[in-house]
Amino acid sequence: MKKLITLVEAIEKVDTSKYSNIKWEGAASSDKINSSLLSEINAAANAADITVTISTANTGHRTNTSSGNVSRHKTGEAVDISKINGSGWSSKQDAQSKNILNQIESFVNKLSYAGYKVNSESGNIKSVLYFGFPEHNNHIHVSSQADKISTDLDNDLDNDLDNDELEPEDAGKSFMVDLISGAAKALGLNESKQNRVLKDIQKIKNLL
């Protein structure tokens, strides 16, 4: 048996109060951005126990990518993260020297659990680009063309396992449950709809 929860979202002007683990620089907070993208970034940052700073969304970013395609930034479907816990970095080595490399890797891993393809954007609905991808050694590019958050969860997990003992795939499923819970609140759903979502989430947690 599988449970499916889908929360429909839109590209809209940012309400910064919805995202407790996201800070903002420049004009990014005034842009219209895919709210499901922001909800997943916020959930991943929360799971990694960090805050992330979005420095660029649409405003100030070039229109086309190096390959000539229209950048997802210009359609409100991508953001650049330039700081982790208030610290920026110029390279992987610099991040290591500032003791934020592990946090960066943890954050990217959380996003990969949520379906983000690492260091490959073309042909992928969700993508996260960072160390090793050209021109992305000093920031994390996160993009999503999805207009919803969804997750499938099996009921075949061992109830005796703690989260710390889960295999990476199972830990990702548990993370997705927390992601949806946070997204329900971030969406600004009315109390009745939010309670319905939270009840369904509790049913899913009982399967884990």
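**Close-up views of a predicted model**

**View 1. Lining of the largest cavity.** Strand 2 (11-13) and helix 1 (35-47) each supply at least two residues of the lining of the largest cavity. The model is predicted. The lining consists of E12, K13, V14, D15, Y19, I33, S35 and L38. By class, these lining residues divide into 4 nonpolar, 1 polar and 3 charged. The volume of the largest cavity is about 30 Å³. How many cavities of 30 Å³ or more does the structure hold? The count is 1.

**View 2. Y19, a buried loop residue.** Y19 lies in the loop between strand 2 and strand 3. Is Y19 buried or exposed? Y19 is buried: its relative accessible area is 4%, and the cut-off for buried is under 20%. Y19 also belongs to the lining of the largest cavity. N42 is 23 residues away from Y19 along the chain, yet their C-alpha atoms are separated by 5.9 Å.

**View 3. The open sheet and its edges.** Here 6 strands form an open sheet. Their order is 3-5-6-9-8-7, and the pairing is mixed. Which strands stand at the edges? Strand 3 (22-24) and strand 7 (117-118) do. Each has a single partner strand, so one side of each is left without a neighbour in the sheet.

**View 4. Strand 6 between its two partners.** Strand 6 covers residues 78-84. In the sheet order, strand 6 sits between strand 5 and strand 9. Strand 5 (residues 52-56) pairs with strand 6 over 4 bridges, in the antiparallel sense. Within this pair, T53 stands opposite K83 of strand 6. Strand 9 (residues 140-144) is joined to strand 6 by 4 bridges, and these two strands run antiparallel. I81 faces strand 9, where I140 stands opposite. Why is strand 6 described as largely enclosed by the rest of the structure? Of its 7 residues, 6 are buried, so the rest of the structure largely encloses strand 6. In a regular strand, side chains alternate between the two faces of the sheet.

**View 5. The largest pocket.** The largest pocket has a volume of about 490 Å³. It is lined by 20 residues. Which of them are closest to the centre of the pocket? These are T65, S66, E121, L129 and F133. The full lining divides into 4 nonpolar, 11 polar and 5 charged residues.

**View 6. The whole chain, for context.** The protein chain has 5 helices and 10 strands. It contains 208 residues, and buried residues make up 45% of them. The exposed area is about 10,600 Å². Carbon and sulfur atoms supply 41% of that area. Among contacts with a separation of 6 or more, 62% link residues 24 or more positions apart.

Terms used. Residues numbered from 1 in each chain as written. Predicted model: local features only at pLDDT ≥ 70, side-chain atom pairs only at ≥ 80, totals over all residues. Heavy atoms only, no water. Buried < 20%, exposed > 50% of the residue type's maximum accessible area, 1.4 Å probe, protein only. Contact = heavy atoms within 4.5 Å. Areas by Shrake-Rupley, 256 points an atom, 1.4 Å probe, with all protein chains shown as cover. Pairing = 2+ DSSP bridges. 1 Å grid on protein atoms, 1.4 Å probe; cavity = no way out; pocket = protein on both sides within 12 Å on 5 of 7 lines; lining within 4 Å. Points joined across faces, edges and corners; volume = space filled by probe spheres on them. Nonpolar A, V, L, I, M, F, W, Y, C, P; charged D, E, K, R; others polar.
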